[in-house]
Amino acid sequence: MRTTIIMLAGFALLAAFLAAAPKMGGRRTAALVFAILWLLVTLANLYIGTTHGYTVMQEAPIFLLLFGVPAAAAL
């Protein structure tokens, strides 16, 4: 359930960046800034997972899903 909530938050953040795209210099810039910010957020989520007893190998597929799906939608 937590993965779904985080992914939905990613799509909501993407929508906010795309709505602000005209003020940021266009959709390409907004998508790039979103992707960088979303990478940092998902890396923080990976770190939190590893501090709660999961290994990086256990968290890696979730990280790829959480980062990859919204980032692919942005691009």
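Here is a short chat about the fold, core and largest pocket of this predicted model.

Tutor: Some ground rules: residues count from 1 along each chain as its sequence is written, and side-chain values use heavy atoms, with hydrogens and water left out. Since the model is predicted, local features need pLDDT of at least 70 and side-chain atom pairs pLDDT 80 or more, while totals for chains, interfaces and linings use all residues.

Student: In what order do the elements of the protein chain run from the N terminus on?

Tutor: Helices (H or I, at least four residues) and strands (E, at least two) are DSSP runs, numbered from the N terminus. The chain has four helices and zero strands. The order is therefore α-α-α-α.

Student: Which elements give two or more residues to the largest nonpolar core?

Tutor: A nonpolar core is a set of buried Ala, Val, Leu, Ile, Met, Phe, Trp, Tyr and Cys residues joined through side-chain atoms within 4.5 Å; buried means under 20% relative accessible area, exposed over 50%, partly exposed in between (1.4 Å probe, protein chains only). Eleven residues make up this one, including Ile 6, Phe 34, Trp 38 and Leu 66. The elements giving two or more are H1, H3 and H4.

Student: And which helices each supply at least two residues of the lining of the largest pocket?

Tutor: On a 1 Å grid over the protein atoms alone, a pocket is an open set of points where a 1.4 Å probe fits, with protein on both sides within 12 Å along at least five of seven lines; lining residues have an atom within 4 Å of a point. Among those lining this pocket are Arg 2, Ile 6, Asn 45, Glu 59 and Leu 66. The helices are H1 (2-19), H3 (27-51) and H4 (56-74).

Student: Is Asn 45 buried or exposed?

Tutor: Asn 45 lies in helix H3 and belongs to the pocket lining. Its relative accessible area is 9%, so Asn 45 is buried.

Student: Which residue's side chain is joined to that of Asn 45 by a polar contact of 2.7 Å?

Tutor: Leaving aside neighbours within four places in sequence, Asn 45 is in contact (heavy atoms within 4.5 Å) with Arg 2, Ile 6, Glu 59 and Leu 66. A polar contact is a pair of N or O atoms within 3.5 Å; within protein, one must be able to donate a hydrogen and the other to accept it, and residues adjacent in sequence count only if both atoms are side-chain atoms. The partner at 2.7 Å is Arg 2.
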